[in-house]
Amino acid sequence: MSVENGIGASVRRKEDQRFITGNGHYLDDMNRAGQAYGYFLRSPHAFAKISNIDLSAAKAAPGVVEIFTGADMAADGIGGLICGWGITSKDGTPHKAPPHNSMAVDAVRHVGDQVAFVIAETLQQAKDATELIEVDYETLTPVTNIAKALASGAPQIHEEAPGNLCYDWELGDKAAVDAAFSGAAHVSKIDLINNRLSPNPMEPRAALGEFDAGSGELTLYTTSQNPHVARLIMSAFLGIAPENKLRVVAPDVGGGFGSKIFVYAEETTTIWAAKKINRPVKWTADRSEAFLTDAHGRDHVTHAELATDNDGKILAFRVSTQANMGAYLSTFASAVPTYLYGTLLSGQYKIPSIYVEVQAGFTNTTPVDAYRGAGRPEATYVVERMMDTAARDLGMDPTEFRLKNFIQPDAYPYETPVIMTYDSGDYPLSMNSAKEMIDYDGFAARKAQSEANGKLRGIGTAAYIEACGIAPSAAVGSLGAGVGLWESAEVRFNPTGSVTVFTGSHSHGQGHETTFAQIISDKLGVPIESVEVVHGDTSKVPFGMGTYGSRSLAVGGSAIVKAVDKIVEKSKKIAAHLMEASVEDIEHEHGVFSVAGTDKKLTMGEIAFAAYVPHNYPADLEPGMAENAFYDPLNFTFPAGTHIAEVEIDPATGDVEIVDWVASDDFGNIINPMIVDGQVHGGVAQGVGQALLEGVIYDDESGQLLTGSYMDYCMPRADNLPNFRVSTTNTPCPSNPLGVKGCGEAGAIAAPAALMNAIVNAIGKDIDMPATSEKVWRAINSN
Amino acid sequence: MTSVTMTVNGKQVSADIAPNTLLVQFIRDNLRLTGTHVGCDTSQCGACTVHVDGDSIKACTMLAVQADGADVTTIEGLAKNGELHPMQAAFREHHGLQCGFCTPGMIMSAVDLVKRNPNPSEETIRTELEGNICRCTGYHNIVKSVKAASENMGG
């Protein structure tokens, strides 16, 4: 029996009605009576000492309510922003986490660093007053490039981090790798730059703080992917308010891609200021501020080497990376180039030994943290560019080289040399189905046709793997995580049979209100329109760790299933009582409870009603039908697949046209195929953006951000992209009850390597991202 | 302060506003029609697209006083008598939105593009939507939605 709108159906999204009619509630759409407006004075310098801040003229300006500086926050005992994942260096020392004040106290370390917070009756008055603040800066020489920052003689950004080094980390067996390399028939080498990106969710960050002097409760409405985590950090580390007096609400959030995970200076300052002036305060970033202050992504410099034998088998892999952390350590920044990167360097391949070392350092740039994929796109980019390079060195077809070295479908569980245990997959199947989709064997003929038309044609493959649903809590704790990575849910029946589901996951475009409702519809037979999914409010949802790392369904969905299991267990007892049968004889399917071997049955709705009107009810059972569950995963999940890109390049202009894109992804079981396809489209588009168009650029000398608007930072537009042909294979995840793996980041992980391999294949030369037409033209015309 | 009067979603509205008030600020702050969004500060993203006298415009590039006497339609005025406009219905049917933030502007631009190009090719749709940025969908399903809507708009 299947259920309408159940698991596996492309149900049209419940949340869309409000979005397509303009009735969404994004942060900046909200206002409070008596609200004042906040605006930040930001540093115009990349690196400077502050000797004095004169607020007198600004405070006298029309409409100004109050102006705060870092000194005011410090005097009030408010702590600095924190990094929640501790990394240990090779020599056993903990990573360096220099002070990160919400507003500067004595120095600024990147353009856009907060200096003062001006609160006025109107936003315009706040902006005007900000211009009247006089700051005495003593400018210092900045450094923005990670290789230069880690070189000797570089400007010293924090006295707590000598040589600008945050950590020097390693993973794997160096001696085994060195031995394998010394005896290898072939060694292939590659140098790569993984470009710095600005996440750019279309809704800029915003905050609205409110203080209730009567109850002493503070409420922060904010653009967050994880409101409970924000509350925890603001309470435990910054001392904004005790957790029980702090409510954090993330209403409709217009995209995140990682950038709204973090606890930032602006949100923190806004809620603190609301209490100080006892008035609601609202701050909304403009796009320029988003470019200056939303945590950036990637920014790695890497050298990698692969040892192979005469038969084309991989013997060992060696990787050395420098990672730019920016001016301060953001909330989860330290984990991205280490446990989310080094641990994925085995890719889909059987590699006997791997060694990776990562030096992370500080620069005078915006902090860098997790951005869609977080460490895994960087790993896939290194592994998959390396595979193409090695295949080329060996004179093999790149897909044949990969197929020869894949972990085989009967090898699970498979332990990699970099501490992961892959649980399921069929990598040859994904690759072969992608090759078939794009007619890989017909490429030579298409290339000849392009050449006849004066064009270069290339084909590129990326066989990616990612680790999603970061888990289990004890394991990540042993690697330095400061939090548990479980999820919680409550499934609450109302007496009339409708259901409210509370989830600690957060939707900012993913469609949880539909996907999670499908699970309830399927398992409990409730019509989908009678299921309401509530998320994003610490006063409603029991607890939560939020949404990132493609964890919502694998972890949050599993918590819902656990709560559903408790509902079913209780319902069986009620059904047995009402139908005068023994509990063991009650059978359940999709919300219908029947007595085995009879035609007696009751629906979930009837049982829920009986639980709230318990006139005829088991004596030893509590009334009510609401169950809570926490779910801590047993393992990561391992989505994997193959993407193949085909490009045609005009050698006269260097312009790259993507002529075809195919994807064969293994996400395990799928709840809503329409939503999954959409996630892949969006992920690929961001990956194509990284490979062709996007790149954050700082001026080397002044440290000024040169790509601070949509005039300068090239976002992918509709006419930059092709249609994507996507498909899925399915090896169910064995470690969670839904058998799901996660799909939100796959496209962004696979796409850059596939596209760059295609471009390198077309032009016969290595180039770095973004492959702008100028860069491609120069490469074609270089010797 | 200066006085403006215009018709918004079929209703006449008047207000005294600062002369430098942008049309998008007037719509969001004065009229509390918050379906029109602001996603950038350089008139690039298109989240603020509305119709002024039938043409799509970015409401962040126009002063409210320039719309004095005009007939303005926002996303809230697109559905008629509770019935979705075919473009709105197509975006839902074809999963043309994810986070929803760019969606109102995208839909308003798309309605105008189909009005000017009754049977648009995929290439035309992609070129015409160049002024509206979406970070979620990769545009694949937006293009599909616009194409489907154009077939239902009697084009």
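A nonpolar core is a set of buried Ala, Val, Leu, Ile, Met, Phe, Trp, Tyr and Cys residues joined through C-beta atoms within 7 Å, where buried asks for 20 or more other C-beta atoms within 10 Å of a residue's own, with C-beta atoms placed from the backbone. In this predicted model, the largest such core has 294 residues, and A:Val118 and A:Ile759 have the most contacts inside it. Helix H19 (residues 746-763) of chain A gives the most to this core, with 14 residues; helices here are DSSP runs of H or I with at least four residues, strands are E runs of at least two, and both are numbered from the N terminus.

A word on conventions: residues are numbered from 1 along each chain as its sequence is written, and chains are lettered from A and ligands numbered from 1 in the order in which they are written. Local features need pLDDT of at least 70 and side-chain atom pairs count only at pLDDT 80 or more, while totals for chains, interfaces and linings use all residues.

Now to chain B, where an open, mixed sheet of five strands runs in the order S2-S1-S5-S3-S4; strands pair if DSSP finds at least two bridges between them. Its edge strands, each pairing on one side only, are tabulated here.

| Edge strand | Residues |
|---|---|
| S2 (chain B) | 11-17 |
| S4 (chain B) | 55-58 |

Strands S3 (residues 49-52) and S5 (residues 71-73) of chain B run antiparallel and are joined by two bridges. Within this part of the sheet, B:His51 stands opposite B:Thr73 in S5(B).

As for confidence, the model scores ipTM 0.98 and pTM 0.97.

Terms used. A residue is buried if 20 or more other C-beta atoms lie within 10 Å of its own, exposed if 12 or fewer, and partly exposed in between; C-beta atoms are placed from the backbone.
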